[in-house]
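Here are my notes on this one, set out as numbered points. Have a look at the model first, then read on.

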Amino acid sequence: MRSSTRWRSLLFGWLSVVMCMGTLCLRQGYAQAGKYDSNTLLALLERHCPFTDSCKEVVEEILQASAVAKDWELYFLTLSEQITHHTFFHQLNAAKTSLELFERELDKHSAEDGLRYYRAISAYYWGQYYFGLGAFEQAIPFFVETIEAIKQFEALTFEEENLLIYAHHETGNCYRRMGMYTEALAQYYAAIELLRTRRAPGLDRDPHIAILRKQIGEIQLLQNEPALAEQAYLQAKSELEALETRHPGRVRTELIAVMLALGKLYIHTREDEKALLSIRQSLPLMTKGSQFFATAYEKLGEIFLAESRYDSAQHYFELSLQTRGYSPASKRARFAPGLCSLGKVYAKMGQMDSCLNYYQMALHNLVPGFEATAWEETPRLEHILDPINLLACLQLKAEALATYARTPSLKPDMLRAAYASAKCAIALIDSIRIHFDSEIDRQFLIQNSYPVFELALSLATQLYHLSGDPQYIMQAYEAAEKSRAVNLYAAMREARVHSYAGLDREILEEERKLKAEYVAIQQRLLRYQHVEPEQYDYWLQRRKEADVAYRQFLANIKAFHPRYYHLKYDLAVVSSRDVHHQLRQADQGLIEYFWGDTSMYAIVFTPQTDTLIQFSLDFPLQQWIDSLRLGITAYHEAEANRQTQPLYLESAQWYIRYAHKLYQKVFQPIEQGVALPRRVTIVADKGLFYLPFSVLLDSMPTSATGFLTHPYLLHRYTFSYASAASMLYEAFEMPKPGKKSMLAMAPFDEEGITIAGPDGGRFVLDELETTRQELQQLHAAFGAETYYSHQATKKRFLALSPYRQIIHLSTHGVLTDSISPFLVFYPEAVNDSIPTNLLYLRELYANVIPCELVVLNACNTGGGRYQLGEGVQSLASGFSYAGVHSVIATLWPVKDAGKMLPLMEHFYGQLYAHTPKDIALTKGQSYYLSLQRFDPDAHPFYWSPYMFSGNVRALPASSHWWYYTGLLGLVLVVAAGAWMSRNRFYNGAGRRDRLRAQ
């Protein structure tokens, strides 16, 4: 975050230089205005601008004078300087006011061709404004507008080329903050290409190419591509060294930063010798007293600590603290990381008393009087300068106390103290979540918080087994849920909040502005804490004011928009009491897994009892899951010649071996500890998302290929799945859709098709022979509204999907390593180069589809990239975010879908008979197995990829009950009237007969 701020400052500095150069060109014209001569004007701008408080007054004077002289080009140039000033100091309200004035004046003088550059720069500054708000999606179109406008110019001036380069750069920064790294890299490379062609050989002008390469390296490191990151860093280093040779001292700061980044990379890849060399080479470049020395010493200490050279590590960590000006009496947040590092050295040496002492000193530097701080509720951040470092320190202290607890005599007290620190860290995570809003901040928080949740689970488990107190089960459940809620629950709420709450755009913009202001102030505090005490105190006061303003805003939201507040800011996960209530209603059990580094935990809830189980990960769990899936999916390759091909028997043996092993390791211990009901919901974690529990075998079969008689867990349990228990509860609490119709689409049936891909390539899609038959059955049996072939377009789907109870899609699902998952609809034009027929995962996040059930009968719709703290980014999760109550998706390619027609038909039959949805799917799978007469046709490859997630309740009864009740009442009234008329007739006839007899 700090390096990003430094490059943004450099960017603003270069823009200001460009503006001052523009002023040189215009000085003669401005001298004719009579206010200043040209030399005085230039001196004023160079003396006060950019970025001093007196700049505002100077710019205001020049604006007035240029308006009087009707020198509009100079007027807009100076107004641009004012906007730059406001944006740099994060004065967003003032920047917006200046931008609105900028646009009004441009509209008045739109006929003047000389102002075309300022029309482009207006869009650029609007992009900067929204970037400052943290509204990156809104900023991107403005930067793109700038790029498109500049590209229309015939011959670019120096200033126009600069603006084009920086627009690409800032677009890349937006994509980076949104976590869209591929798009960010494309923009950075575009900026580099422009710099190469404009500034050949390039190195004589500025270090912008090297700065871009460093940012590319940072992204590649985030993408876990250290080799590519190293290449980018080395290129940046080479370019900066060449420029440093020609102009000594000019780019030394950037060069040092790149060399330290290289050292950090080598520490990450455990190449200690390279890291040591890179950091030591940077030391001679640093000036005496530079804070780079402190950073370099910290990196050296980390290297020696990793090599178990504790004396050297201690020496460099102490040097780092001395460089920063540490003394035992000082209380500054900047000293906390160094104190924690010394604590880690003593922890490795086994000197736990010294270790805990350093951690406590670090905590006192971060939060004065830390021990007296009671965090019964979420802590307030106005007392905390560096929450991320505080989080790391709390984790380290809890780990040290847990290590200390291995001493038998100290075990209970130390465990409780460690757990108190872990709970405090979790409370801090909740507080950070409120203030940090960008994708980078969220991902950074996830990486630093996941170990905290694992530690809390481990401590809660030990305390539960030590004391038997059930409160620790509930607290372990809360920690497991919050490990998912850091990103997952927030993303789900963010996707639904606007459709449910309906806030005005002005309120949402105010919210982003307050959040962005807080983050910007926090970054300045971290910068000024080292060197400028007066600035530090000023920004500390600003942060307190910003925090008060933000909390007042939240209080107003809570009072006047309670639904929005609950959806977005209520950080409490669903309580175990609410989970129990849902389980009792459905007679279900719930198993929530947490996959840690050395252990796995299972929190088990049933209507009768709860328990907490810990497994040791002394086996390669991920490898076993991959082997099981390979044993299932390899069947398709062996199917053509299954009786003679060795792959058929080999894959079957792989499957039964790992299906039984996984049962023994991850499910049997739960069965032994608690009596599970027949219906079980699995809250998966990490690789367990890709494991269908129904195919696990509770005993080893005698024949590997006896698929008809294998002891599947399908025969004993009905499994459903959820990303988090809180997500499941939200699915139960969502309002029931009022509509009753089914929408079924099959874009491709009897022939294959070639479509344009999102990356410019071509996808050849196989034919789907039985999809038309599948939809015909749905129409005949259940009255589905069906669309085939050219009728099944993306546009029609998006228009109709919000108004249907059930959606059934038989199409192609595409999942690759480099592209976000997408569904394929029939293209508007078959050979169109623009893929308008692809429905991407990210588009589902932006749509609202409040239907009861979506069935994705397509390949790999339940697969995707696993994201820590969020789960699998799949099409199934995308539909859940869009508001769908429940989803049936697939875990691998669906081949020969015609075989599965009986399964789907039986499933829908059960569904419309008001069977709960999870049971309906299990019955459909069991029915399919019962129809088979040959073992190969009963292979799990066919029936087990379908996984149900979400709300398991049965379809609601018909909403036309009043119609049928009224009709029955009418029939009863008519029948009663007829009976009464009959009685009157017979009574009258009898009386007449009696009178005649008399």
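**Notes on the predicted model**

1. Let's start with helix α27, residues 621–633. Its 13 residues reach 19 Å from the first C-alpha to the last, close to the 18 Å expected at 1.5 Å a residue. Keep in mind that this is a predicted model.

2. Which residues of α27 are buried? Leu 621, Trp 624, Ile 625, Ser 627, Leu 628, Arg 629, Gly 631 and Ile 632 are. Do note that the buried set includes Arg 629 and Ser 627 alongside Leu 628 and Ile 632.

3. Stepping back to the whole protein, you'll find 38 helices and 18 strands. Of its 998 residues, 57% count as buried.

4. On the surface side, the protein exposes about 42500 Å², and carbon and sulfur atoms supply 52% of that area.

5. As for contacts, take those with a separation of 6 or more: residues 24 or more positions apart account for 71% of them.

6. How many disulfides does the structure hold? Zero. Cys 355, for instance, is in no disulfide: the nearest cysteine sulfur belongs to Cys 340 and lies 9.3 Å away, whereas a disulfide needs the two sulfur atoms within 2.5 Å.

7. Two cysteines to check for burial: Cys 355 has a relative accessible area of 0%, so it is buried. Cys 859 has 16% relative accessibility and counts as buried too, because the cut-off is under 20%.

Technical notes
Residues are numbered from 1 along each chain as its sequence is written. This is a predicted model: local features need pLDDT of at least 70, side-chain atom pairs count only at pLDDT 80 or more; totals for chains, interfaces and linings use all residues. Side-chain values use heavy atoms; hydrogens and water are left out. Buried means under 20% relative accessible area, exposed over 50%, partly exposed in between (1.4 Å probe, protein chains only). Helices (H or I, at least four residues) and strands (E, at least two) are DSSP runs, numbered from the N terminus. Contact means heavy atoms within 4.5 Å. Accessible areas come from the Shrake-Rupley method with a 1.4 Å probe; for residues, only the protein chains shown count as cover. The expected span of a helix is 1.5 Å times one less than its number of residues.
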